[in-house]
Amino acid sequence: MAWLEVCAASAIDEEDVMRFDQGDKTFAVYRGMDDDYYATDGLCSHEAVHLADGLVMDGLIECPKHNGRFDYRTGVAKGAPVCINLRTYPVKVEDGKVLISL
Amino acid sequence: MDDTKYGTRNKRGDWKPTEKIQFAPVLDWPFRPVRFAKWLISMDGFFLPWNTFFALSSVLVWWYLTPGTETTQTLAPGWIVYLLARNAVIVLVFYGLWHLRLYTQRAQGNSFKYDGKWPSTDNSAFLFKRQHTDNLIRTFGSAVPIWTAFEVGMLWASGNGYLPTISWAEHPIYLLALLLLTPFWADFHFYLVHRMIHWPPLYKHVHSVHHNNVNPGPFSGLAMHTVEHLLYFSSALIFLIVPASPLHFITQLLLKALGPAQTHSGFDKVVIGESSTLDTHSYAHYLHHKYFECNYADALIPLDKWFGTFHDGTPEKQEAMEQRLAARAAKWNQK
């Protein structure tokens with residue numbers, strides 16, 4: 001499994017999200033309340049808006065456009081108008097850096 | 001004013017009322033006459049303040065600001081343009097006052113404001129990325145002309161004897177009773193149209209324009225696609241077959257034109273002075289804007305209760321709604 005470096009672990013605040021672009025793809029990388037990190041597709045499955053501009057709270061990412069919500073830990077759609085789940089990606093922290101496997 | 005006496009604010013900054021949404025006691029069974037009587041006459045009940053305000057406004061508009069039959073019998077630019085301007089001014093003043101107090105002056109801050117955030121000024125969902133600009137364009141560019149078109153058509157038809165018009169002198173009780181039914185017909189018609197435009201193809205191309213307003217303000221009320229305006233104001237067409245007077249379709253249209261300012265205000269109460277408040281009765285519709293698939297009607301006729309889409313603001317109803325959504329999402333994710 002190939003791992004790509006996203007950023008320093010401290011670069012993402014608790015309950016926050018960062019956009020990560022790789023080639024022509026875009027991802028959203030999250031830091032939860034317990035220093036746990038996650039990654040999902042970067043665009044909302046409803047209208048292709050960058051989720052990194054949204055609000056992270058209580059395990060959910062809220063899309064900035066229509067307030068559709070996903071559980072960023074599982075990618076599951078949690079609130080209308082979103083119905084289609086996000087794909088999630090393995091994430092780990094090593095040597096103070098966040099790594100993602102695509 | 002301390003809104004935490006009436007509700008709670010979460011970590012996100014959203015406020016929700018403690019009291020759950022209840023339907024008007026019109027169709028309660030067994031019928032409860034005391035509750036019904038209280039609902040009729042109490043402040044924040046059926047008559048006061050909003051329906052009385054809309055009824056009186058309609059009478060004034062009909063009596064003082066509507067051309068007579070001799071004028072409306074013939075379609076002519078003069079009176080049509082006058083009606084367009086009249087309606088634009090009415091909307092500007094009424095919606096403008098709501099907006100000025102709650103969003104420009106922010107006279108009560110975010111007390112009783114459902115959504116912790118203020119409307120978007122950088123969101124690609126809106127024309128020119130600004131919610132307020134988008135709302136104004138759709139209100140004055142489409143809603144007001146469509147409202148006026150319905151009114152012109154109905155006045156012209158009435159003036160030429162194409163409507164079953166009857167006089168107040170001969171049928172005062174029937175016409176008064178019919179006037180009292182105005183909000184009920186408006187709510188019932190709204191429910192039917194609303195369910196229709198949530199059908200996915202219509203939602204995608206028509207109703208999504210209105211639903212871009214997930215954090216609505218007064219001017220979001222009429223910010224719709226033109227096709228939705230045509231459907232929305234078509235409630236006045238009932239008077240093509242129901243005997244009535246011009247006041248009835250004028251009232252129906254005025255209620256449809258002005259009512260959304262209140263139901264999209266984004267606030268549960270308007271604070272007046274130091275300790276008084278005026279209920280907006282808008283939480284049910286706010287939840288519809290927030291969650292998309294609940295509360296298709298307002299809380300006058302229990303249509304949402306009958307058809308399983310009622311959200312009264314409680315955690316139990318939230319859970320039920322999330323389960324409905326999860327079932328739908330599961331189908332989508334199998335594709």
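Helix axes that cross at under 35 degrees count as roughly parallel, over 145 as roughly antiparallel, 65 to 115 as roughly perpendicular, and the rest as oblique. This scale is applied below to a predicted model.

Helix α10 of chain B, residues 246-263, was examined against two partners. The first is α2(B), residues 47-64. The axes of α2(B) and α10(B) come within 9 Å and cross at roughly 130°. The two helices are therefore oblique to each other. Their crossing is right-handed. On the α2(B) side, the contact is made by W50(B), F54(B), A55(B), S57(B), S58(B), V59(B), V61(B) and W62(B). These residues meet P246(B), L247(B), I250(B), T251(B), L254(B), L255(B), L258(B) and Q262(B) of α10(B). By class, the contact holds twelve nonpolar and four polar residues, and no charged ones. The buried residues of α2(B) are W50(B), F54(B) and S58(B). They pack against α10(B).

The second partner is α5(B), residues 131-159. Here the axes come within 10 Å and cross at roughly 175°. α5(B) and α10(B) are therefore roughly antiparallel to each other. From α5(B), the contact takes W147(B), F150(B), E151(B), M154(B), L155(B) and S158(B). From α10(B), it takes P246(B), F249(B), I250(B), L253(B) and A257(B). Nine of the residues in this contact are nonpolar, one is polar and one is charged. P246(B) and I250(B) of α10(B) also appear in the contact with α2(B).

In soluble globular proteins, nonpolar side chains tend to be buried together. The largest nonpolar core in this model has 87 residues. Of these, A28(A), V29(A), I100(A) and L253(B) touch the most other members. α10(B) gives the most to this core, with nine residues. L253(B) is one of the α10(B) residues that meet α5(B). In chain A, I100(A) has contacts beyond its neighbours within four places in sequence. They are with W3(A), L4(A), V6(A), F20(A), F27(A), V29(A), A39(A), Y89(A) and V91(A).

The contact between the chains was considered next. It takes 15 residues from chain B and 13 residues from chain A. On the side of chain B that touches chain A, α11 (283-291) and α13 (315-334) each supply at least two residues. α13(B) gives the most to that side, with five residues. By class, the residues of this side of chain B divide into seven nonpolar, three polar and five charged.

Several backbone features stand out from the general pattern. Most residues other than glycine have a negative phi, and most peptide bonds are trans. A cis peptide bond joins W29(B) and P30(B), with omega about 0°. P30(B) is in the loop between β2 (15-17) and α1 of chain B. Another cis bond runs from L48(B) to P49(B), with omega near -10°. P49(B) lies in helix α2 of chain B.

Positive phi values occur at D35(A) and F292(B). D35(A) is not a glycine, yet its phi is about 60°. This residue lies in the loop between β3 (25-31) and β4 (37-41) of chain A. D35(A) has 9 C-beta neighbours inside 10 Å, so it counts as exposed. For F292(B), also not a glycine, phi is near 75°. F292(B) sits in the loop between α11 and α12 (303-306) of chain B. With 23 C-beta neighbours inside 10 Å, F292(B) counts as buried.

Two pairings in chain B link positions separated in sequence. D44(B) lies in the loop between α1 (33-41) and α2 of chain B. D44(B) is partly exposed, because 14 other C-beta atoms lie within 10 Å. The C-alpha atoms of D44(B) and H281(B) are separated by 8.4 Å, while the residues are 237 apart along the chain. V193(B) is placed in helix α7 of chain B, residues 182-197. V193(B) is also partly exposed, with 19 other C-beta atoms within 10 Å. A residue counts as buried with 20 or more. The C-alpha atoms of V193(B) and E228(B), 35 residues apart along the chain, are 8.6 Å from each other. Beyond residues up to four places away in sequence, V193(B) touches L231(B) and Y232(B).

Technical notes:
Residues numbered from 1 in each chain as written. Chains lettered and ligands numbered in written order. Predicted model: local features only at pLDDT ≥ 70, side-chain atom pairs only at ≥ 80, totals over all residues. Contact = placed C-beta atoms within 7 Å. Helix = DSSP H or I, 4+ residues; strand = E, 2+ residues; numbered from the N terminus. Nonpolar A, V, L, I, M, F, W, Y, C, P; charged D, E, K, R; others polar. Axes fitted to C-alpha atoms, helices over the stretch in contact; angles between N-to-C directions. Left-handed = near helix turned anticlockwise from the far one by under 90°. Core = buried A, V, L, I, M, F, W, Y, C linked by C-beta atoms within 7 Å. Buried ≥ 20, exposed ≤ 12 C-beta atoms within 10 Å, placed from the backbone.
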